[in-house]
Each structure stands twice: as structure tokens, then as C-alpha cells.
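The exercises below concern the structure shown here. Work through each task with the coordinates open, then compare with the solution.

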Amino acid sequence: MFEISINGNRRQAQVDGDTPLLWVLRDVLGLTGTKFGCGIAQCGACTVHVDGSPVRSCRLPVSAVGARSITTIEGIGASPIGAKVQKAWLDLEVIQCGYCQSGQIMSAVALLEGNSNPDDEAIDAAMSGNICRCGTYVRIREGIKRAANGG
Ligand code: FES
Ligand code: FES
């Protein structure tokens with residue numbers, strides 16, 4: 001039995017310790033906003049925050065979470081920057097098919113938490129691990145800048 005903090009709540013999961021956090025979120029806890037893409041930490045679709053840092057949940061065993069706090073796309077709107085990013089995404093209609101976008105938003109929020117006014121270089125560096133098959137990269141960059149400028 002593992003007890004982990006997710007979006008401010010204590011949640012329990014009866015799983016093996018090597019079960020990836022992504023499986024716990026989606027299959028055990030029903031938090032399906034975080035997506036499975038590649039399963040090998042190469043696409044970013046499964047990105048969540050662990051103590052505020054973006055982490056690929058497909059490669060994080062639940063036993064390694066410990067006392068750290070997990071934030072998922074379901075909880076990110078509770079933070080001021082998370083709310084601004086989500087609003088900017090909607091205002092600019094960033095999303096196409098949507099599959100990658102939970103991960104994109106989680107990486108964008110982590111960037112803005114550490115850099116309130118990122119330039120293109122900083123944005124590209126922070127977002128390089130998040131793949132979008134629909135090619136929404138230009139709108140993602142605009143969304144980050146809009147959120148940085150107040151949403
Ligand atoms: S599903 Fe985790 S990085 Fe692709
Ligand atoms: S919006 Fe379709 S993969 Fe990114």
C-alpha cells in the first residue's frame with residue numbers, strides 16, 4: 001500500500017512498488033487527464049509536477065514518490081500561474097487534438113514558476129521534451145508569453 005499526496009489530497013494505492021506513477025494516476029485513482037504517450041520518457045505527455053518540478057510519470061515508480069507532493073493537470077489550475085496558463089491556452093486556442101496538452105501545460109507552468117518572463121530560448125529549452133504531433137509549438141510559445149504577461 002502506498003499513500004501519496006496528489007493535488008493536496010492524500011490518496012492510497014494498493015500496487016507493486018515498481019508500478020509507474022502514471023498507471024497509479026490513471027488506472028487506480030481515475031485521474032485520466034495525464035496521458036500515456038511513449039512510456040519511455042521521450043514524449044512528455046505524462047508530465048506531472050513532483051514538488052513543483054516537471055517529471056515524466058511514466059518512468060517514476062510509485063515507491064520513489066515518498067513524501068513529495070504530486071500535482072497533475074486536474075490540480076494545476078489551483079495555482080495562480082496554472083490558472084493563467086490554462087486561460088491563455090483557451091484564449092489562444094492552443095489545443096489541436098489535445099493529446100499532448102496536459103503535459104505541455106505542466107511543463108509551461110513549471111517554466112513560469114521559475115522564470116516569470118522567459119524568452120524564446122528559455123521557452124524552447126524548457127519545452128523541448130514535450131512533443132506535439134499536431135505541431136502546435138508556435139501557439140504554445142504564444143500561450144506561455146501571454147500567461148507571463150498576465151494572462
Ligand atoms: S508517456 Fe511518459 S514521456 Fe511519453
Ligand atoms: S495537440 Fe495533438 S499532439 Fe499536441
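## Exercise 1. The central strand pairings

In strand β5, the residue opposite Val50 is Ile70. The model is a predicted one.

Task: Starting from this pair, establish which strands β3 (47-50) pairs with and in which sense.

Step 1. β3 and β5 run antiparallel and are joined by two bridges.

Step 2. On the β4 side, Val50 faces Ser53. The pairing of β3 with β4 is antiparallel as well, with four bridges.

Step 3. The connection between β3 and β4 is a hairpin with two residues in between. Asp51, in the turn, has a positive phi of about 50°.

Step 4. Now look at the two faces of β3. Thr47 and His49 are buried on one side, and Val48 and Val50 are buried on the other. This split follows a general rule: in a regular strand, side chains alternate between the two faces of the sheet.

## Exercise 2. The whole sheet

Task: Give the strand order of the sheet and find its edges.

Step 1. The sheet is open and has five strands, in the order β2-β1-β5-β3-β4, with mixed pairing.

Step 2. β2 (9-13) and β4 are the edge strands, each pairing on one side only. From one strand to the next, the twist averages 40°.

Step 3. A parallel pairing is found between β1 (residues 2-6) and β5, over two bridges. There, Ile6 has Ile70 of β5 as its bridge partner. Ile70 also stands opposite Val50.

Step 4. Helix α1 (residues 21-28) packs on this sheet and touches β1, β2, β3 and β5. The direction of α1 makes about 85° with that of β1. Helix α3 lies across β3, β4 and β5, at about 35° to β3.

## Exercise 3. The two sides of helix α2

Task: Decide which residues of α2 are buried, where they sit around the axis, and what covers them.

Step 1. α2 spans residues 80-91, which is 12 residues. From first to last C-alpha the helix reaches 16 Å, close to the 16 Å expected at 1.5 Å a residue.

Step 2. The buried residues include Gly82, Val85, Ala88 and Trp89. They are on the same side of α2, because they cover an arc of only 130° around the axis. An α-helix has 3.6 residues a turn, so residues three or four places apart point the same way.

Step 3. Pro80 and Leu90 are exposed, on the face turned away from the buried side.

Step 4. The cover over the buried residues includes α3 (101-114) and α5 (137-148).

Step 5. After the helix comes Glu93, with a positive phi near 50°.

## Exercise 4. A residue of α3

Task: Is Val109 buried or exposed, and what does Val109 touch?

Step 1. Val109 belongs to helix α3.

Step 2. The relative accessibility of Val109 is 0%, so Val109 counts as buried.

Step 3. Setting aside residues up to four places away in sequence, Val109 touches His49, Ile76, Ile81, Gly82 and Val85. Gly82 and Val85 are among the buried residues of α2, and His49 is a buried residue of β3.

Step 4. Val109 and His49 are 60 residues apart along the chain, with their C-alpha atoms separated by 9.4 Å.

## Exercise 5. Buried residues in loops

Task: For Ser57, Thr34 and Leu60, determine the accessibility and the contacts. Contacts exclude residues up to four places away in sequence.

Step 1. Ser57 lies in the loop between β4 (53-56) and β5 (69-71). With a relative accessible area of 0%, Ser57 is buried. Its side chain reaches the backbone oxygen of Cys46 at 2.7 Å. Residues in contact with Ser57 include Pro20, Leu21, Leu22, Thr34 and Cys46.

Step 2. Thr34 is in the loop between α1 and β3, and is buried at a relative accessible area of 1%. Among its contacts are Leu22, Leu25, Cys46, Val48 and Ser57.

Step 3. Leu60 shares the β4-β5 loop with Ser57. The relative accessible area of Leu60 is 11%. Buried means under 20%, so Leu60 qualifies. Leu60 touches Thr19, Pro20, Leu21, Val50, Val55, Val65 and Arg68. The C-alpha atoms of Leu60 and Trp23, 37 residues apart along the chain, lie 10.0 Å from each other.

Methods. Residues numbered from 1 in each chain as written. Chains lettered and ligands numbered in written order. Predicted model: local features only at pLDDT ≥ 70, side-chain atom pairs only at ≥ 80, totals over all residues. Heavy atoms only, no water. Expected span 1.5 Å × (residues − 1). Buried < 20%, exposed > 50% of the residue type's maximum accessible area, 1.4 Å probe, protein only. Arc of directions from axis to C-beta. Contact = heavy atoms within 4.5 Å. Polar contact = N/O pair within 3.5 Å; in protein donor to acceptor, adjacent residues only side chain to side chain. Pairing = 2+ DSSP bridges. Axes fitted to C-alpha atoms, helices over the stretch in contact; angles between N-to-C directions.
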